[in-house]
Amino acid sequence: MLQTFLSYYSSAWPRACQTLCGLRQSTLTPLLFLPVFLLSINPTSRDKDYVTTRHQIPPQVQQILLKPANGHNPAKPDYWQALQVSHNIEVLPIRRMSGSAWVAALHGSPSASATQNLFRTWQSRDLVDYAENDSVVSIAAIPDDPLYELQWNLADATSGAAALNMPGAWDITIGSSDVVIGIVDTGVRFDNQEFTGRLLPGYDFVSGINEFRTRQRVPEELNFIKAHDGDGRDTDASDPGDGVDAQLSATMQAEDLTCPQQESTWHGTAMASLIAANGNDGFGMTGVDWSARILPVRAIGKCGGRRSDLLDAIRWAAGVNDPALPDNPTPARIINLSLGIDDACTASDQQAIDDAVAMGALIVAAVGNLGRNLDE
Ligand SMILES: [Ca+2]
Ligand SMILES: [Ca+2]
């Protein structure tokens, strides 16, 4: 601490000297002023002893900035002496700054309230236009993830109307591991590095062959085709993919089931990444929240999911007890539903959401992706 303090003095005081000397030359202050001021600012003379003796345990210097009120000349020591209204707080100039203001140092470890009192006293005596803490400014938290520069939606509003100004938010918080975010979706890729240390086990709610049991004939090749993991509900919330090739699409169409050909979307992994990918880890992209735990809840398989599976998943994610299911030991505080159903909300939807909300969950749902009027 002492070393830091001494290095502060050795760098700050010569600057103060240069500034003050320059002012003095331009204002032709009487030479009588010179030795007085040099004695007070030269760390190699009297003040070196002053520094090392008077402030040796432990020296605290608080940097402030102030603008002298009109009629005061900060180039004169009288001004700084006038600012010294407390025996316990010494006020010394560091340098002149822009706007006719000065950077100064308070010696004597004043408390925050003592500093504010001091500022008020100066104003009441018309010594300053203003006096403020010279607060430390940090750069906005810009993560080092290589894909961040493409994530315009996280930038400030100058990047677009939908930008979230996340750098400003990350200055305040990067989230908390106390928060569990349920991602009710297609499951997640547990091998994704963006979730290292943050994935909870979750659950797989995709029922498998259930929807075919209402049909008279269930083609063997369609068993578990929607679940795509060889079984129905289980504790494995990983995403086996939802890609549909031309042959499967044709087979499903023959069964009057819509299932267009597509590559796997890895939709749950994408949503979990947008919400909570590890940020500032030097890898890939960044999520909004860098700390929350992620509860993957799989409710969507190939060719979409079923409302019944979805509503079960919502309740379980929120921690609603269901005797037919293992308890959820980590209920979600937030449940994300980046999903849509091509009809209006139903009573069962509302009841499931009411149940989840009653458990304290916040439901966040996609809306408007189809560009339609929701009243229609
Ligand atoms: Ca399964
Ligand atoms: Ca990352």
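## Exercises around strand 10

I183 stands opposite N336 in strand 10. The exercises below start from that pair, in a model that is predicted.

**Exercise 1. Find which strands pair with strand 10, and in which sense.**

*Solution.* Begin on the side of I183. Strand 5 (180–185) and strand 10 pair in the parallel sense over three bridges. Now turn to strand 11: strand 10 (residues 334–337) pairs with strand 11 over four bridges, again in the parallel sense. Two residue pairs let you check this on screen. N336 stands opposite V364 in strand 11, and I335 has I363 as its bridge partner.

**Exercise 2. Place strand 10 in the whole sheet and name the edge strands.**

*Solution.* The sheet is open and has five strands, in the order 6-7-5-10-11, with parallel pairing. At its edges are strand 6 (203–204) and strand 11 (362–365), each of which pairs on one side only. Next, follow the chain from strand 10: together with helix 10 (residues 347–358) and strand 11, strand 10 makes a right-handed β-α-β unit. Finally, look for helix 9 (residues 307–318), which lies across strands 5, 6, 7 and 10 and runs at about 170° to strand 5.

**Exercise 3. Sort the residues of strand 10 by the way they point.**

*Solution.* In a regular strand, side chains alternate between the two faces of the sheet. Going along strand 10, I334 and N336 point one way, while I335 and L337 point the other way. Both groups are buried.

**Exercise 4. Is M271 buried or exposed, and which residues does M271 touch?**

*Solution.* First locate M271 in helix 8 (residues 267–276). Then count neighbours: 22 other C-beta atoms lie within 10 Å of M271. The cut-off for buried is 20 or more, so M271 is buried. Leaving out residues up to four places away in sequence, M271 touches I183, D185, N336 and S338. I183 and N336, the opening pair, are thus among its contacts. For a distance check, M271 and G187 are 84 residues apart in sequence and 10.0 Å apart in space, C-alpha to C-alpha.

**Exercise 5. Does the length of helix 5 agree with its residue count, and what follows the helix?**

*Solution.* Helix 5 (residues 112–124) has 13 residues, so at 1.5 Å a residue it should span 18 Å. Its end C-alpha atoms are 18 Å apart, which agrees. After helix 5 comes D126, with a positive phi near 55°.

**Exercise 6. Decide where to read the model with care.**

*Solution.* Start with the mean pLDDT, which is 79; 77% of residues reach 70 or more. Then look at residues 1–59, where pLDDT stays under 50. Where pLDDT is low, the predicted coordinates should not be read in detail.

Note on methods: Residues numbered from 1 in each chain as written. Chains lettered and ligands numbered in written order. Predicted model: local features only at pLDDT ≥ 70, side-chain atom pairs only at ≥ 80, totals over all residues. Helix = DSSP H or I, 4+ residues; strand = E, 2+ residues; numbered from the N terminus. Buried ≥ 20, exposed ≤ 12 C-beta atoms within 10 Å, placed from the backbone. Contact = placed C-beta atoms within 7 Å. pLDDT = per-residue confidence, 0-100. Expected span 1.5 Å × (residues − 1). Pairing = 2+ DSSP bridges. Axes fitted to C-alpha atoms, helices over the stretch in contact; angles between N-to-C directions. Right-handed = clockwise from strand over helix to strand, strands pointing away.
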